[in-house]
Amino acid sequence: MSTEIKELKYSTFKTNIKYSVINTKVHNVDGIAKVTGRAQYTFDIKLPGMLYGKILRSPHPHARIINIDTTRAMELPGVKAVVTGKDTLGIKQGIWRRYEELCDEQILPLEKVRYIGEPVAAVAAVTEEIAEQALDLIDVEYEVLPAVFEPLDAIKKDAPVIHEGVERNVNVTRHIEWGDVDEAFAEAEKNGGYIREDWFRCSGQHHMCMETRAAVSSYTPEGKLTVWASTQSAYYTQALIAGVLGMREGDVRVIATYVGGGFGGKFELDAAMFCSAVLSKKLCKPVKIVFTREEDMIASKRRTPMYYYVRTAMSRDGQLLARESRMFSNGGAYTGMGATALYLSGFFHSFPYKWKAYRYDGYRVYTNTMPSTSMRGFGAPQAMFCSEQQIEWMCADLGLDPYEVRRKNAHTECYEVPGQAFIQSCGMTECIDKIEQWAKSKGDLGPNRAIGISSCGFMSGGIFNWFDSPYSFSSAVVTINIDGTVELHVGCQDIGQGSNTTMAIIAAETLGVKVEDIKVHSGDTDHCPADLGAWGSRQTLMAGNAVKMACEDAKRQLLEFAYAEMGLNIVYDLDIKDRWVHVIARPERGMKYEDLVRKAIRAKDGQRIVGRGYYTPHRKGMISPAYSYMMQAVDAEIDPETGKIKVHEIMTAHDCGQPINPLGLVGQLEGAASMALGYAYLEDLPMDEGKLLNPNLVDYKVIRAPEMPKTGMIDIETYEAEGPYGAKEAGEGLTNPTAAALGNAIFHALGIQMKELPLTPERILRALREKKEKEANK
Amino acid sequence: MEKRALKLSVNGQEYEVFIHPKTLLVEVIRDHLGFTGTKRGCETVSCGACTVLVNGASVKSCSVLAVQVEGMEVTTVEGLEQDGKLSPIQKAFLDNGSYQCGFCTPGMLMSATAFLKENEGREVTEHEIREGIEGNICRCTGYNSIVRAIDAVAKGTYKEE
Ligand code: FES
Ligand code: FES
């Protein structure tokens, strides 16, 4: 494989192309719908004769289901159906469809419950209140089993068995290695290099989408099912629902026009979708299920908590020599997307440095807690928290300049991560330079205040196909109407990140029209091509490439006609810009785009112009076709009396290739910063015997407007040959550096090393106490 | 408790609904009258997604009973535009990209509208703006674009049409 990627060493370059639409400030194409309250979310759907569903959940973290008696519930007036696992096909499902053993979740389990909050039965009734009352009338007999909650306990020999036949509760393992790690460490030791090892504990985090999980399912006697779903991938939802109901994919339509946030938590099949579909199929009536905030918090998914052991060797002059890391993640009860997070965490733990020898062993361990999964950054924020702090401490231990050390080891363009990935564009060094300048320009910040830095990178979509999609990863169809207006059908999913707008910009640029000429159709499996959806920061590059290709196809058809119509010498090139079709060498010579379209359609025997495009990465290594890079600096002040943190400013130097939508880019930066800051010092999911202690927005704190700091961005422009117009990801990666950078700010402000997330006042005070004790003992 | 009739005015229009006295204002707005612009994001009066104006003041509509606003003037996000013309704060949200998924946006716009009205004619600080929307959670934007939008309106960048 490594020879294969070597053939693809394009050198990257910066372009001086003037774009008409790309990187100009445009309104979000869904903006007016959103600011006027017209946007209809699944939460808002109401259908004639619609019933309301509620889910009965397990109070036990681990128990055998002996019997479920639904008689009393069924007798309650207004109740239309009660379903349990016995009313389903009992299919074990999972998003890693290629691997049967990782499809381990029956959403209404037949035999066992494995976490508190796991669904055991669902009711449909004429009102939500009646459905709720009916839950109390369902009698479930459990045999309570011993449970285990932490991965380091669950992996022990005598731990309770959570899934039959899974030894030591190890759900998935992942090994990544290149170079000779043992030899590199031995060599380092021999040559007087510096070796340091640390243990870290990274917490979970809830996605906390403002729209909780919600679905409306409507099965009709034709044998067709329509599901309005709050999902990050209409196609995944369609395929997964069809699978568990034993239906054909084409008989299931999923609609997800507006989605109230996703952040990695909404692309698996959830209980709202599944239970509403089962109930609707049974009753031939529409059924709506909306999770309460508490249900969403105890029984959806969460960012994966991780324990990291990190051992690193560095030469005395700051060369990174070798790393070996072991990671144990709290997988919770089921696999979900956790297997991907396990891999990506280990891979990005190496970023953005050129390790000659690197080894990662990841163990995802089942426990009797809510399953963990992907969340914005996909395992990388945890990995960076450990890696970037340890490197900072090592620099301090050796008296080295942390900027210089990072620069020395940083990825550069056309670098191959041995056997793993090929980096084309890379602005890492420039990011470091810019942040160094910025930080130094701030001068002395006073006591208890410092700037902490972290560098990192992220993928522009994953290459892996664990879902086993038979379709292209992204597809687009563009249709040009007689008046020149454009229908753009895409499968990519807008969950607020603005992909509809990004696609409209790419289409407008390619076709040479204006954004308002493009109508984007997305989030409907009946009308849009299949696409893997919104995860892994993939859509700008992958769906963007599909849209560009579709529009180039349509444009070529138009220009072929224009050549003939204008009777041009074949050496001339034509283009369309701002609705003007013209000879590139003589822009004044041309015709109106609308006139051309009208004529071209007539020439095609009245057929509208249709262009098709698709994208599937090939020969791009094992991870991603392209990588973003960044360095972030967090300016923070900590009160040593209270341990309270005040973040003054976050500055990020960011290489996302060619920015497409500047307003959207700023939004991603600021949104990621607030979510990542929450992860760094506020958000946590403490549990007692598997029971979540803060299942509401009073006790679970998120960043609110007053504590959100000033944010700034330095744009490092590179050109990514694999991306549409040179673009790379800009969504998830920005979540990666913040916890590490804040940890490093605390280190420089107070001289303490924080190895556990979140960075709470209690932990800071404890570390300060320990530091004092140590100094006193000296 | 018996159901009863209730008169209230929403977005300038009189309505009469027949409700259980324990019905929340948000339920009347969304479920009885069909103004689904107003959202709900919690059960603990923590998120602000349900914010509306009652007689011009911002109120979390999940925190009051509908009968408590009898005879009062309620404004929801649907009432911000006049005959298809967007209000200044709506325009400022568009220009500043102050929304992403849009689920918090209706509540955020109502809090912003109330804040701007309360502070009409005086200069507001950035900190005051932030406190003005403290009760509204946005998981997507990181708030700063919302603060910029409110600031722009406060500074008179947008004129009422
Ligand atoms: S719904 Fe959350 S505050 Fe009203
Ligand atoms: S825009 Fe999504 S929660 Fe605010």
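Reader: What makes up the lining of the largest cavity, class by class?

Author: In this predicted model, the lining of the largest cavity has 15 nonpolar, 19 polar and five charged residues. Among the residues nearest the centre are Ala730(A) and Gly731(A). Ala counts as nonpolar and Gly as polar, so Ala730(A) and Gly731(A) go into separate classes.

Reader: Which residues lie nearest the centre of the largest cavity, and how many line it?

Author: The lining runs to 39 residues, and Gln497(A), Ser537(A), Gln668(A), Ala730(A) and Gly731(A) are the ones nearest the centre. Helices H14 (499-511), H15 (539-566) and H17 (662-681) of chain A each put at least two residues into that lining.

Reader: What makes this a cavity rather than a pocket?

Author: The test is escape: a 1.4 Å probe fits at the points of a cavity but cannot get out, whereas a pocket is open. The largest cavity, with a volume of about 600 Å³, is one of seven that come to 30 Å³ or more.

Reader: What is the volume of the second largest cavity?

Author: About 180 Å³. Its lining has 19 residues, with Glu105(A), Leu269(A), Asp270(A), Ala271(A) and Lys301(A) closest to the centre. By class, the split is eight nonpolar, three polar and eight charged. Glu, Asp and Lys count as charged, so Glu105(A), Asp270(A) and Lys301(A) belong in that last group.

Reader: And the open space: how much of it lies in the largest pocket?

Author: About 1200 Å³. Its 41 lining residues come from both chains, and the closest to the centre are Glu128(A), Glu129(A), Glu27(B), Asp31(B) and Arg40(B). Chain A gives two or more residues from each of strand E1 (51-57), helix H4 (128-136) and strand E12 (287-290), and chain B does likewise from strand E2 (13-19) and helix H1 (25-32). The biggest giver is H1(B), with five residues. In total, the pocket lining divides into 14 nonpolar, 12 polar and 15 charged residues.

Reader: Back to H15(A). How do you know what span to expect from that helix?

Author: Take 1.5 Å times one less than the number of residues. H15(A) has 28 residues, which gives an expected 40 Å, and the span from first C-alpha to last is 38 Å, close to that figure. Just after the helix comes Gly567(A), with a positive phi near 60°.

Reader: Why is the pair Tyr235(A) and Tyr236(A) called tilted?

Author: There are 36 aromatic pairs over all chains. In this one, the ring centres are 6.1 Å apart and the planes make an angle of 45°. The centres have to lie within 6.5 Å, and stacked needs under 30 degrees while edge-to-face needs over 60, so this pair lands in the tilted class. Both Tyr235(A) and Tyr236(A) are buried. They also belong to a cluster linked by ring pairs, which includes Trp96(A), Phe267(A), Tyr343(A) and Trp535(A).

Reader: What makes Lys548(A) count as sitting over the ring of Tyr725(A)?

Author: The charged end of Lys548(A) is 4.8 Å from the ring centre. The limit is 6 Å, together with a position within 35 degrees of the ring normal. Arg57(A) also lies over a ring face, that of Phe291(A), at 4.7 Å from the centre.

Reader: Why is Glu392(A) called buried or exposed?

Author: Its relative accessibility is 3%, and the line for buried is drawn at under 20%, so Glu392(A) counts as buried. This residue lies in helix H11 (residues 380-398) of chain A. In space, Glu392(A) is 9.2 Å from Val405(A), C-alpha to C-alpha, with their places 13 residues apart in sequence.

Reader: Then how do Glu689(A) and Tyr143(B) come out, buried or exposed?

Author: Glu689(A) is exposed because its relative accessible area of 56% is over the 50% mark. Tyr143(B), at 0%, is under 20% and therefore buried. Neither is glycine, yet phi is positive in each: near 50° for Glu689(A) and about 70° for Tyr143(B). Glu689(A) sits in the loop between strands E30 (687-688) and E31 (691-692) of chain A, and Tyr143(B) in the loop between helices H4 (126-132) and H5 (144-154) of chain B.

Reader: Which kind of peptide bond joins Phe351(A) and Pro352(A), cis or trans?

Author: Cis, with omega at about -15°. Pro352(A) is in the loop between helix H10 (338-348) and strand E16 (357-366) of chain A. The bond from Leu757(A) to Pro758(A) is cis too, with omega near -10°.

Technical notes:
Residues are numbered from 1 along each chain as its sequence is written. Chains are lettered from A and ligands numbered from 1 in the order in which they are written. This is a predicted model: local features need pLDDT of at least 70, side-chain atom pairs count only at pLDDT 80 or more; totals for chains, interfaces and linings use all residues. Side-chain values use heavy atoms; hydrogens and water are left out. On a 1 Å grid over the protein atoms alone, a cavity is a set of points where a 1.4 Å probe fits but cannot get out, and a pocket is an open set with protein on both sides within 12 Å along at least five of seven lines; lining residues have an atom within 4 Å of a point. Grid points are joined across faces, edges and corners, and a volume is the space filled by probe spheres set on the points. Helices (H or I, at least four residues) and strands (E, at least two) are DSSP runs, numbered from the N terminus. Rings of Phe, Tyr and Trp (its six-membered ring) pair if their centres lie within 6.5 Å; planes under 30 degrees apart count as stacked, over 60 as edge-to-face and the rest as tilted. Buried means under 20% relative accessible area, exposed over 50%, partly exposed in between (1.4 Å probe, protein chains only).
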